[in-house]
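Please open the model in your viewer and keep the selection panel at hand. The tour below suggests what to select at each stop and tells you what is there.

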Amino acid sequence: MKLEVSLRVALKAADPVISTAYLTLVEKMGYRDKLLALNRLESYSFSISCADPAPVVRSLTGFLATQSTFYNRNKHMYFLECSWEGGRHTEGARVEQLESLDRQVARWSKLDEPQDLDGQATRNRVMLKDVAIYRSEILVEDIDADKKVAVGRGLETELATAPVTVAELGVRWYLALRVDSKKEARSVTREIVVTESRGRGLLLNPNHQQYNLLSLREIDL
Amino acid sequence: MKAHVVVIQFPGVNCEYETVRVLESVGLSASVLRWNAPQGELRSAAAIVLPGGFSYQDRIRAGVVAAKDRITDGVLEAGAAGKPVLGICNGAQILVEAGAVTGFDPGVIDLALAPNRMPDRSGYLCRWVRLSKGPAPCLFTEFMSESGAEGAFPIPMAHAEGRFVTASEDTENRLQRGEGVAVFYADAKGDRATGFPENPNGSMLSIAGISNPDGNVLALMPHPERAAWMHQVPRSVGGSWGRSRTEVGSGSLFAPGPGRGFFESLREALA
């Protein structure tokens with residue numbers, strides 16, 4: 001039987017990587033009018049071959065509770081989902097809580113008179129009025145699979161189980177984009193993600209990383 | 001009048017003052033310039049050094065946020081104008097993320113400094129390595145002999161993301177031909193390192209430093225400013241430098257160390 005495991009990890013406190021990436025894109029790279037919000041979380045998924053999933057799930061959750069390989073309970077929140085034929089086990093934060101971008105954008109769109117700290121009207125209301133907001137979700141991973149193999153071997157040792165295949169080991173970024181069309185959203189996502197030149201791209205260096213566009217849809221405000 | 005070198009202090013770097021100290025010790029004038037300072041001093045500088053550390057806490061990728069800073073415009077302009085620009089460790093990561101090296105395809109970022117690849121471990125590594133002069137002309141490496149044990153310079157490295165890689169076939173071919181390869185990790189004989197730990201991070205072709213085609217911009221991962229005086233050199237480095245360290249004992253601990261040559265070559269280039 002195959003046990004599929006999905007783990008998402010984010011900081012409990014504000015993630016400074018997100019704010020640095022957002023400010024770099026908005027203040028230094030000219031995406032003020034297009035990029036509304038940004039979010040990220042670490043993402044792992046792997047499959048374990050086993051005869052009986054129940055003890056493996058117990059072993060896995062026990063390992064996650066005591067090791068800091070994937071997250072540290074003192075500073076991270078997580079969502080764990082284990083699924084197998086005829087069963088499912090989840091624990092941790094709801095995945096929607098980790099992927100809070102939609103709620104954030106929706107909240108901005110409902111503000112009556114949004115103001116900054118100086119009492120000046122911010123641009124959010126203008127930007128969100130009668131416009132389409134697209135949300136893209138991407139996965140950034142290293143091109144070479146060495147790390148996946150190493151994590152898989154580590155899990156095999158820790159769980160004393162059959163081969164572990166790590167399918168996903170990277171960072172999921174969520175972008176809220178104010179653009180005119182889905183096609184433009186796709187194009188801007190790539191522009192922001194892939195560092196091709198100093199003025200273009202930030203989130204990955206294509207010389208050792210790659211990305212997958214996991215989803216792209218309009219946010220329901 | 002001494003030539004003036006500016007050492008740029010991005011938020012999070014931590015080697016700016018020892019870099020200034022070494023520059024001054026070889027007879028240059030040097031000062032620290034904050035990343036958000038007016039760029040007048042940068043334009044009047046004879047040379048620029050981007051020191052080691054953790055600019056912007058290495059967020060997203062080491063060096064990438066500083067590479068987008070306005071002051072980096074001035075660094076790239078200086079490099080394009082032929083002024084010497086040296087990036088050490090995090091400074092090298094900034095130069096790579098800014099596309100200042102290799103310079104084969106101007107404006108294109110054809111390199112990355114990827115996470116170290118080491119057997120049975122990952123992350124940060126700090127150790128002494130040996131460097132030899134590569135085939136590419138570079139004003140910072142003029143002091144190094146071509147090869148051989150006496151030409152291998154022990155210098156400390158300290159980084160988590162120092163593995164030179166490229167996805168560009170053209171760049172890889174040119175690096176294999178020696179273009180841009182200013183410094184490489186070496187074994188005890190001074191020959192190109194073939195594996196860990198001589199090549200401490202799995203860098204392609206054991207490259208430790210890459211220069212631009214004109215040889216005035218160098219992205220160097222090891223830290224020469226941490227090997228500028230003999231008292232910084234452990235006896236355990238072996239070779240001629242290890243013997244020298246043993247011979248000086250506690251007598252001449254401020255005698256020149258193996259890393260000082262990078263700064264002396266800069267002084268000669270500015271003379």
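## Where the chains meet

Begin this tour of a predicted model by selecting both chains, where 22 residues of chain B are in contact with 18 residues of chain A. On the side of chain B that touches chain A, α3 (64-67) and β5 (112-115) of chain B each supply at least two residues, and α3(B) gives the most, with three residues. If you colour that side of chain B by residue type, you will find 13 nonpolar, three polar and six charged residues.

## Chain B as a whole

Next, select chain B alone and show it as a cartoon, in which eight helices and eleven strands can be traced. Its radius of gyration is 17 Å, close to the 18 Å that the globule rule gives for 271 residues, so chain B is as compact as a globular protein of that length. Turned along its principal axes, chain B has C-alpha atoms that fill a box of roughly 45 × 45 × 30 Å. Of the 271 residues in chain B, 55% are buried, and among the contacts in chain B with a separation of 6 or more, 76% are between residues 24 or more positions apart.

## The sheet

Now select the strands of chain B that form an open sheet, nine in number, and follow them in the order β2-β1-β3-β4-β11-β10-β9-β6-β7, noting that the pairing is mixed. At the edges stand β2 (29-34) and β7 (153-159) of chain B, each with a single partner strand, so one side of each is left without a neighbour in the sheet. From one strand to the next, the twist averages 25°. Within this sheet, zoom in on β9 (residues 181-186) and β10 (residues 207-211) of chain B, which run antiparallel and are joined by three bridges; V183(B), for instance, has G209(B) in β10(B) as its bridge partner.

## Unusual backbone spots

Stay with the loop between β9 and β10 of chain B, where P197(B) has its place, and look at the cis peptide bond that joins F196(B) and P197(B), with omega about 5°. L205(B) is found in the loop between β9 and β10 of chain B as well, and although L205(B) is not a glycine, it has a positive phi of about 55°. L205(B) counts as partly exposed, with 17 C-beta neighbours inside 10 Å.

Then move to the loop between β3 (47-50) and α3 of chain B and select Q57(B), a residue that is not a glycine and yet has a positive phi of about 60°. Q57(B) is partly exposed, with 14 other C-beta atoms within 10 Å.

Finish at T102(B), in the loop between α5 (90-98) and β5 of chain B, where the peptide bond from V101(B) to T102(B) is cis, with omega near 10°.

Technical notes:
Residues numbered from 1 in each chain as written. Chains lettered and ligands numbered in written order. Predicted model: local features only at pLDDT ≥ 70, side-chain atom pairs only at ≥ 80, totals over all residues. Contact = placed C-beta atoms within 7 Å. Helix = DSSP H or I, 4+ residues; strand = E, 2+ residues; numbered from the N terminus. Nonpolar A, V, L, I, M, F, W, Y, C, P; charged D, E, K, R; others polar. Pairing = 2+ DSSP bridges. Axes fitted to C-alpha atoms, helices over the stretch in contact; angles between N-to-C directions. Rg over C-alpha atoms; globule rule 2.2 N^0.38 Å. Buried ≥ 20, exposed ≤ 12 C-beta atoms within 10 Å, placed from the backbone.
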